[in-house]
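Tutor: The sequence and the structure are shown below. Please choose one part that you would like to examine closely, and put your request as a question.

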Amino acid sequence: MDRGPGDVLARDGGPPSRRVAQDGTVRNKTAPRAGTTSRKGEAPNDAAARTGAGPERELRHELRHADLPAVAEVRRLLRDRLSQWKVPDLIDTAELLASEVVTNALVHTDRGAELTARLTEGGCQRLRVEVRDYVARRPKVRRATDHAAHGRGLLLVQALADRWGVRAQEAGKVVWFELTQKAS
(Lines give C-alpha, C1' and ligand atoms only; values in the text may rest on other atoms or scores of the structure.)
Protein backbone atom coordinates (compact mmCIF):
# COMPACT_ATOMS: atom_id res chain seq x y z
CA MET A 1 0.00 0.00 0.00
CA ASP A 2 1.06 3.56 -0.51
CA ARG A 3 2.37 5.60 2.36
CA GLY A 4 0.48 8.74 3.24
CA PRO A 5 2.28 12.05 2.93
CA GLY A 6 2.52 12.61 6.67
CA ASP A 7 3.53 9.08 7.69
CA VAL A 8 6.84 8.65 9.42
CA LEU A 9 7.92 5.10 10.10
CA ALA A 10 10.19 4.73 13.06
CA ARG A 11 10.67 1.02 12.68
CA ASP A 12 11.17 -1.49 9.85
CA GLY A 13 10.57 0.89 6.96
CA GLY A 14 7.57 -1.05 5.65
CA PRO A 15 4.36 0.60 4.55
CA PRO A 16 1.64 1.27 7.10
CA SER A 17 -1.42 -0.94 6.97
CA ARG A 18 -3.59 1.75 5.44
CA ARG A 19 -3.56 4.81 3.22
CA VAL A 20 -3.90 8.33 4.62
CA ALA A 21 -4.90 11.10 2.23
CA GLN A 22 -3.43 14.61 2.53
CA ASP A 23 -6.62 15.80 4.21
CA GLY A 24 -6.13 13.18 6.95
CA THR A 25 -8.87 10.88 5.64
CA VAL A 26 -8.08 7.22 6.24
CA ARG A 27 -8.71 4.79 3.43
CA ASN A 28 -8.41 1.15 4.36
CA LYS A 29 -7.85 -1.14 1.39
CA THR A 30 -9.57 -4.10 3.06
CA ALA A 31 -13.32 -4.72 3.08
CA PRO A 32 -15.40 -2.37 5.24
CA ARG A 33 -14.73 -3.05 8.87
CA ALA A 34 -17.22 -4.64 11.22
CA GLY A 35 -16.02 -3.42 14.57
CA THR A 36 -16.96 -1.92 17.83
CA THR A 37 -16.70 1.62 19.02
CA SER A 38 -16.46 2.77 22.59
CA ARG A 39 -16.51 6.42 23.59
CA LYS A 40 -17.05 7.78 27.04
CA GLY A 41 -20.74 7.55 27.84
CA GLU A 42 -21.55 5.21 24.93
CA ALA A 43 -22.02 1.46 25.02
CA PRO A 44 -19.84 -0.50 22.61
CA ASN A 45 -21.42 -2.39 19.76
CA ASP A 46 -21.20 -5.73 21.55
CA ALA A 47 -23.05 -7.68 18.85
CA ALA A 48 -20.31 -6.97 16.30
CA ALA A 49 -17.63 -7.85 18.86
CA ARG A 50 -19.27 -11.20 19.62
CA THR A 51 -19.72 -12.21 15.99
CA GLY A 52 -16.18 -11.32 15.03
CA ALA A 53 -17.48 -10.49 11.56
CA GLY A 54 -15.23 -8.73 9.12
CA PRO A 55 -11.49 -8.45 8.72
CA GLU A 56 -11.05 -5.65 11.24
CA ARG A 57 -12.32 -4.87 14.72
CA GLU A 58 -12.04 -1.47 16.37
CA LEU A 59 -12.06 0.26 19.76
CA ARG A 60 -12.22 4.05 20.05
CA HIS A 61 -11.93 6.04 23.24
CA GLU A 62 -11.74 9.79 23.88
CA LEU A 63 -9.57 11.17 26.67
CA ARG A 64 -9.79 14.52 28.42
CA HIS A 65 -6.72 16.70 28.89
CA ALA A 66 -4.57 15.75 31.90
CA ASP A 67 -7.01 12.98 32.93
CA LEU A 68 -4.28 10.61 34.11
CA PRO A 69 -6.75 8.24 35.87
CA ALA A 70 -8.08 7.57 32.35
CA VAL A 71 -4.84 5.70 31.59
CA ALA A 72 -6.01 2.85 33.84
CA GLU A 73 -9.37 2.94 32.06
CA VAL A 74 -7.61 2.62 28.68
CA ARG A 75 -5.69 -0.41 29.96
CA ARG A 76 -8.93 -2.03 31.16
CA LEU A 77 -10.80 -1.31 27.92
CA LEU A 78 -7.93 -2.64 25.83
CA ARG A 79 -7.57 -5.77 27.99
CA ASP A 80 -11.32 -6.47 27.80
CA ARG A 81 -11.48 -5.93 24.06
CA LEU A 82 -8.40 -8.03 23.27
CA SER A 83 -9.86 -10.81 25.42
CA GLN A 84 -13.12 -10.60 23.43
CA TRP A 85 -11.15 -10.67 20.20
CA LYS A 86 -9.27 -13.75 21.47
CA VAL A 87 -5.72 -12.40 21.21
CA PRO A 88 -4.52 -12.88 24.81
CA ASP A 89 -0.85 -12.98 23.79
CA LEU A 90 -1.01 -9.30 22.81
CA ILE A 91 -2.69 -8.03 25.99
CA ASP A 92 0.22 -7.31 28.32
CA THR A 93 2.43 -5.60 25.75
CA ALA A 94 -0.50 -3.65 24.26
CA GLU A 95 -1.53 -2.41 27.70
CA LEU A 96 1.99 -1.29 28.59
CA LEU A 97 2.65 0.50 25.30
CA ALA A 98 -0.80 2.12 25.17
CA SER A 99 -0.25 3.39 28.72
CA GLU A 100 3.00 5.03 27.69
CA VAL A 101 1.65 6.65 24.52
CA VAL A 102 -1.60 7.83 26.16
CA THR A 103 0.28 9.25 29.16
CA ASN A 104 2.59 11.19 26.83
CA ALA A 105 -0.40 12.66 25.00
CA LEU A 106 -2.14 13.69 28.22
CA VAL A 107 0.94 15.13 29.93
CA HIS A 108 2.69 16.86 27.02
CA THR A 109 -0.27 18.45 25.22
CA ASP A 110 -2.87 21.03 26.13
CA ARG A 111 -5.98 19.17 24.96
CA GLY A 112 -7.40 15.68 25.17
CA ALA A 113 -6.52 12.76 22.95
CA GLU A 114 -8.22 9.98 21.03
CA LEU A 115 -7.20 6.34 21.21
CA THR A 116 -8.04 3.92 18.41
CA ALA A 117 -7.14 0.24 18.53
CA ARG A 118 -7.76 -1.94 15.46
CA LEU A 119 -7.28 -5.66 15.09
CA THR A 120 -6.93 -6.82 11.50
CA GLU A 121 -6.95 -10.51 10.73
CA GLY A 122 -5.43 -12.34 7.81
CA GLY A 123 -2.27 -14.44 7.72
CA CYS A 124 -1.50 -12.86 11.06
CA GLN A 125 -3.43 -10.81 13.56
CA ARG A 126 -2.21 -7.22 13.63
CA LEU A 127 -3.11 -4.83 16.41
CA ARG A 128 -2.56 -1.18 15.57
CA VAL A 129 -2.99 1.32 18.40
CA GLU A 130 -3.05 5.02 17.55
CA VAL A 131 -3.19 7.97 19.92
CA ARG A 132 -4.09 11.28 18.32
CA ASP A 133 -3.41 14.55 20.05
CA TYR A 134 -3.61 18.17 18.92
CA VAL A 135 -0.02 19.35 19.25
CA ALA A 136 2.25 19.14 16.21
CA ARG A 137 5.45 18.81 18.27
CA ARG A 138 6.83 15.31 17.71
CA PRO A 139 7.86 13.15 20.66
CA LYS A 140 11.54 12.37 21.07
CA VAL A 141 13.08 9.11 22.17
CA ARG A 142 15.31 10.01 25.12
CA ARG A 143 17.83 8.06 27.06
CA ALA A 144 16.84 8.53 30.68
CA THR A 145 19.46 8.49 33.39
CA ASP A 146 19.35 5.68 35.94
CA HIS A 147 17.68 7.93 38.51
CA ALA A 148 15.24 9.79 36.24
CA ALA A 149 11.54 9.26 36.93
CA HIS A 150 10.54 9.94 33.30
CA GLY A 151 11.84 9.47 29.79
CA ARG A 152 11.51 5.73 29.14
CA GLY A 153 8.09 5.51 27.45
CA LEU A 154 9.16 5.71 23.84
CA LEU A 155 12.17 3.50 24.56
CA LEU A 156 9.68 0.83 25.62
CA VAL A 157 7.60 1.39 22.49
CA GLN A 158 10.74 1.19 20.36
CA ALA A 159 11.89 -2.03 22.06
CA LEU A 160 8.58 -3.92 22.22
CA ALA A 161 6.48 -2.87 19.22
CA ASP A 162 6.84 -4.65 15.89
CA ARG A 163 6.49 -1.25 14.20
CA TRP A 164 5.80 2.25 15.45
CA GLY A 165 5.84 5.80 14.21
CA VAL A 166 4.44 9.31 14.20
CA ARG A 167 2.11 10.71 11.55
CA ALA A 168 1.43 14.43 11.18
CA GLN A 169 -2.19 15.55 11.08
CA GLU A 170 -3.64 18.86 9.97
CA ALA A 171 -4.07 19.66 13.66
CA GLY A 172 -1.65 17.64 15.75
CA LYS A 173 -0.20 14.19 15.26
CA VAL A 174 -0.83 10.48 15.70
CA VAL A 175 1.64 8.29 17.57
CA TRP A 176 1.05 4.65 16.66
CA PHE A 177 2.42 1.18 17.23
CA GLU A 178 1.69 -2.28 15.89
CA LEU A 179 1.90 -5.72 17.45
CA THR A 180 1.43 -8.90 15.44
CA GLN A 181 0.57 -12.48 16.27
CA LYS A 182 0.27 -15.43 13.91
CA ALA A 183 -3.37 -16.39 13.36
CA SER A 184 -4.34 -19.64 15.04
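Student: I should like a close look at one charged residue and its surroundings. Which residue forms a salt bridge with Glu-178, and how far apart are the closest N and O atoms?

Tutor: The partner of Glu-178 is Arg-163, and the closest N and O atoms of this salt bridge are 3.6 Å apart. The term requires a side-chain nitrogen of Lys or Arg within 4 Å of a carboxyl oxygen of Asp or Glu. Because Glu-178 belongs to strand β8 and Arg-163 to strand β7, the pair ties together parts that are 15 residues apart in sequence. Helices (H or I, at least four residues) and strands (E, at least two) are DSSP runs numbered from the N terminus.

Before going further, note that this is a predicted model: local features need pLDDT of at least 70, side-chain atom pairs count only at pLDDT 80 or more, and totals for chains, interfaces and linings use all residues. Residues are numbered from 1 along each chain as its sequence is written, while side-chain values use heavy atoms, with hydrogens and water left out.

Are the two partners buried or exposed? Glu-178 has a relative accessibility of 1% and therefore counts as buried; Arg-163, at 7%, is also buried. Here buried means under 20% relative accessible area and exposed means over 50%, with partly exposed in between (1.4 Å probe, protein chains only).

The pair does not stand alone. Glu-178 and Arg-163 belong to a network of salt bridges that also links Glu-58, Arg-60, Arg-118, Arg-126, Arg-128, Glu-130 and Arg-167. In total, the count comes to 14 salt bridges.

Thr-116 shows what lies around some members of this network. Thr-116 sits in strand β5, which spans residues 113–120, and its relative accessible area is 6%, so Thr-116 is buried. The side chains of Thr-116 and Arg-60 make a polar contact at 3.2 Å. Such a contact is a pair of N or O atoms within 3.5 Å; within protein, one must be able to donate a hydrogen and the other to accept it, and residues adjacent in sequence count only if both atoms are side-chain atoms. Leaving out residues up to four places away in sequence, Thr-116 touches Glu-58, Leu-59, Arg-60, Arg-128, Val-129 and Glu-130, where contact means heavy atoms within 4.5 Å.

Strand β5 runs antiparallel to β4, and eight bridges join the two. Strands are said to pair if DSSP finds at least two bridges between them. Strand β4 is mostly covered, with six of its eight residues buried. Within this pairing, Arg-57 stands opposite Leu-119 in β5.

Arg-57 has a salt bridge as well: its side chain meets that of Glu-121 at 3.7 Å, N to O. This pair links distant parts of the chain, since Arg-57 is in strand β4 and Glu-121 is in the loop between β5 and β6, 64 residues apart. Arg-57 is buried because its relative accessibility is 10%, whereas Glu-121 is partly exposed because its relative accessible area is 31%. A further salt bridge joins the side chains of Asp-67 and Arg-64 at 3.1 Å, N to O. With 13% relative accessibility, Asp-67 counts as buried.

The strands named so far also supply nonpolar residues. The largest nonpolar core has 34 residues, and those touching the most other members are Leu-63, Leu-82, Val-102, Leu-115, Leu-127, Val-157 and Phe-177. A nonpolar core is a set of buried Ala, Val, Leu, Ile, Met, Phe, Trp, Tyr and Cys residues joined through side-chain atoms within 4.5 Å. The elements giving two or more residues to this core include β4, β5, β7 and β8, as well as α4 (153–160). Helix α3 gives the most, with eight residues. In soluble globular proteins, nonpolar side chains tend to be buried together.

Helix α4 leads back to the starting pair. Its buried residues are Gly-153, Leu-154, Leu-155 and Val-157, and they pack against α3, β7 and β8. To place these elements in the whole, the chain contains four helices and eight strands, arranged along the sequence as β-β-β-α-β-α-α-β-β-α-β-β. Of its 184 residues, 42% are buried, Glu-178 and Arg-163 being among those that count as buried.
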